Amino acid sequence: MTPTTRPIHHPAGHPLRRDLPSTAAVLADARDFAAMRRYRTFPFHDHRGYLRQLEGLLRTLAAEGVHTTLCLFDPTAYAHYCTDHGLDPDDPGSRSRYTAAVARTGATLAYDGTPLDRLLPLLTEEAARRASWDRATALLARAGRCTACGHDLAHAAFTRATTALHHLLTALGDGTHHLVCTLPDTTGPLRAYLLATTGPDGTPPRLPESETLAFCTVLAAALARPAPGALVCRTTPTRGATPATVRGWRLRDAWPTPLSAAEIFDAYCTDPETDEPIPPEHHVDYAPGLPLPPPPGPHCHP
């Protein structure tokens with residue numbers, strides 16, 4: 001929304017033009033946009049028009065060789081930021097400072113020419129992933145120590161999470177696996193996603209570091225808490241026309257417990273809001289979760 005640098009004010013031939021990166025915090029949601037309209041210095045009146053102008057600016061910067069990073073602008077967080085730092089929220093300079101702060105600590109995406117209507121869902125998803133990661137980290141920090149032996153329960157849970165992921169990918173074998181870990185919480189469910197592909201020769205998948213760390217952190221938080229979480233995997237074969245397979249595990253007693261085929265079918269084919277049945281997907285098999293080796297170490301819940 002507000003670039004932290006203003007390269008468009010430099011002449012096109014300025015030698016430093018391409019060396020000054022730009023950051024834009026975007027109001028992706030119409031409600032967030034409406035919230036910003038209460039500020040006199042906010043110059044936009046229509047969300048769609050605002051997005052069109054932003055996209056035009058991004059294209060101009062890209063054409064001039066300027067690297068631009070996108071992040072999300074949260075009006076509520078912005079108001080808190082201004083209060084904490086003694087800033088006037090109705091000042092463009094305050095918006096620029098907030099944008100720079102969010103780019104340092106929040107979810108970001110590099111603008112690569114992809115249309116905003118395709119980039120914004122990815123940015124929103126990345127922000128949700130980071131938020132779940134942060135909340136899971138906070139939950140683990142409160143896990144404490146085992147009352148019997150004094151062992152750090154967060155460390156034990158993270159060890160179990162990484163071990164469970166290794167066993168799970170080994171058991172699933174050949175295919176592309178889309179893993180989803182969900183943990184209920186009073187402030188809303190925590191979710192983490194991981195995409196991994198195992199070759200037909202059993203070669204271990206190369207996992208992206210940040211996504212794997214976030215996934216294992218949420219999984220560890222689920223294993224460290226008495227409230228049951230869930231782990232679901234959708235596997236697509238790497239060859240042939242075999243249908244996709246969906247399997248599930250219940251996260252209880254600090255380890256994944258396989259769900260039956262009927263349980264995973266019911267979970268996928270029931271509307272979570274109305275409890276009404278919904279048709280199953282075509283070309284999808286609902287299979288029981290695979291059993292995993294016993295967990296390492298004695299620690300479950302405190």
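Select Cys 71 and you'll find it standing opposite Thr 108 in β3. This is a predicted model, so keep that in mind as you click along.

**The sheet around that pair**

Now bring up strands β2 and β3, which pair in the antiparallel sense over three bridges. In general, strands of a sheet pair through backbone hydrogen bonds, either parallel or antiparallel. Add β1 and you have an open sheet of three strands, ordered β1-β2-β3, with mixed pairing. Look at the edges: β1 and β3 (108-110) each have a single partner strand, so one side of each has no neighbour in the sheet. Going from one strand to the next, the twist averages 25°.

**Two helices on the sheet**

Keep the sheet on screen and show α2, which packs on the sheet and touches β1 and β2. The direction of α2 makes about 165° with that of β1. Next, show α5, which also packs on the sheet, touching β1, β2 and β3. The direction of α5 makes about 60° with that of β2.

**A walk along α2**

Select residues 47-63 to get helix α2 by itself. How far apart are its end C-alpha atoms? They are 24 Å apart, which agrees with the span expected for 17 residues at 1.5 Å a residue.

Go to the N-terminal end of α2, where Asp 46 acts as a cap: one of its side-chain oxygens lies 3.3 Å from the backbone nitrogen of Arg 48. Then jump to Gly 65, just after α2, which takes a positive phi of about 80°.

Which residues of α2 are buried? Colour His 47, Gly 49, Tyr 50, Leu 51, Leu 54, Glu 55, Leu 58 and Leu 61. These buried residues pack against β1 (22-26), α1 (30-36), β2 (68-72) and α5 (116-141).

**Over to Thr 198**

For the next stop, select strand β5 (residues 190-198) and pick out Thr 198. Is Thr 198 buried or exposed? It is buried, because its relative accessible area is 4%, and the cut-off for buried is under 20%. Leaving aside neighbours within four places in sequence, Thr 198 has contacts that include Leu 169, His 177, Pro 205 and Thr 238.

**Zoom out**

Finally, show the whole chain, with its eight helices and nine strands. Of its 302 residues, 40% are buried. Switch on the surface: the accessible area comes to about 16,300 Å², and 56% of that belongs to carbon and sulfur atoms.

Conventions:
Residues are numbered from 1 along each chain as its sequence is written. This is a predicted model: local features need pLDDT of at least 70, side-chain atom pairs count only at pLDDT 80 or more; totals for chains, interfaces and linings use all residues. Side-chain values use heavy atoms; hydrogens and water are left out. Helices (H or I, at least four residues) and strands (E, at least two) are DSSP runs, numbered from the N terminus. Buried means under 20% relative accessible area, exposed over 50%, partly exposed in between (1.4 Å probe, protein chains only). Contact means heavy atoms within 4.5 Å. Accessible areas come from the Shrake-Rupley method with a 1.4 Å probe; for residues, only the protein chains shown count as cover. The expected span of a helix is 1.5 Å times one less than its number of residues. A polar contact is a pair of N or O atoms within 3.5 Å; within protein, one must be able to donate a hydrogen and the other to accept it, and residues adjacent in sequence count only if both atoms are side-chain atoms. Two strands pair if DSSP finds at least two bridges between them. Axes are lines fitted to C-alpha atoms, for helices over the stretch in contact, and angles run from 0 to 180 degrees between N-to-C directions.
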